[in-house]
Amino acid sequence: MKVAGFGFRRAASTASLRDALAAAGGPQGLDALATLAHKADAPALQALAAETGLPIRAIAAEALADIDTPTRSARIMARFGTGSIAEALALAAAGAGARLLGPRACSTDAMAVAAIAHGMEGDRT
């Protein structure tokens with residue numbers, strides 16, 4: 001299973017999310033998009049999901065605590081217990097044995113961040 005995790009501001013546009021996804025590696029081969037449960041209904045993410053034909057996996061913030069990420073933000077660590085929301089979401093949603101394909105990537109307008117992880121469960125390759 002290959003999943004893109006997204007951290008973004010509520011004001012982020014679909015273009016911001018698309019840009020972050022492209023910077024992280026693009027939508028090719030993805031099985032799902034993931035974000036925090038309270039942001040799953042954001043219009044920009046819903047539009048990106050429709051555009052890519054991918055489902056959205058809503059992950060509870062509590063599920064991210066203690067997920068080790070290569071990128072570390074002191075502010076995110078204090079609030080969520082992990083270093084990077086996008087990286088932790090991608091890892092959590094991709095399932096057991098997931099690994100990041102690279103560090104998080106930011107949109108050019110700094111409104112969205114994306115990371116892609118590949119897990120062994122449901123692997124299509």
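**A tour around strand 6**

Select Ala4 and look across to Ile116 in strand 6, which stands opposite Ala4. The model on screen is a predicted one. Ala4 belongs to strand 1, residues 2-8, and this strand is joined to strand 6 by 7 bridges in an antiparallel arrangement.

Next, select residues 112-118, the whole of strand 6. Is strand 6 enclosed or open? Of its 7 residues, 6 are buried, so the rest of the structure largely encloses this strand. Buried here means under 20% relative accessible area. While the strand is selected, keep a general point in mind: side chains in a regular strand alternate between the two faces of the sheet.

Now add residues 99-100, which make up strand 4. Strand 4 also runs antiparallel to strand 6, with 2 bridges joining them. Pick Leu100 and find Ala117 of strand 6 opposite.

Move on to strand 5, residues 105-106. Which way does strand 5 run relative to strand 6? The two are antiparallel and share 2 bridges. Cys106 stands opposite Val113 in strand 6. Follow the chain from strand 5 into strand 6: the two form a hairpin, with 5 residues between them. Stop in the turn at Ala110, where phi is positive, at about 60°.

Last, select Phe8 and Lys39 together. The charged end of Lys39 sits over the ring of Phe8, 5.0 Å from the ring centre. Phe8 lies in the range of strand 1, residues 2-8, the strand where the tour began. How many aromatic pairs does the structure hold? The count is 0, and a search for paired rings can be skipped.

Note on methods:
Residues are numbered from 1 along each chain as its sequence is written. This is a predicted model: local features need pLDDT of at least 70, side-chain atom pairs count only at pLDDT 80 or more; totals for chains, interfaces and linings use all residues. Side-chain values use heavy atoms; hydrogens and water are left out. Buried means under 20% relative accessible area, exposed over 50%, partly exposed in between (1.4 Å probe, protein chains only). Helices (H or I, at least four residues) and strands (E, at least two) are DSSP runs, numbered from the N terminus. Two strands pair if DSSP finds at least two bridges between them. Rings of Phe, Tyr and Trp (its six-membered ring) pair if their centres lie within 6.5 Å; planes under 30 degrees apart count as stacked, over 60 as edge-to-face and the rest as tilted. A charge sits over a ring if NZ of Lys or CZ of Arg is within 6 Å of the ring centre and within 35 degrees of the ring normal.
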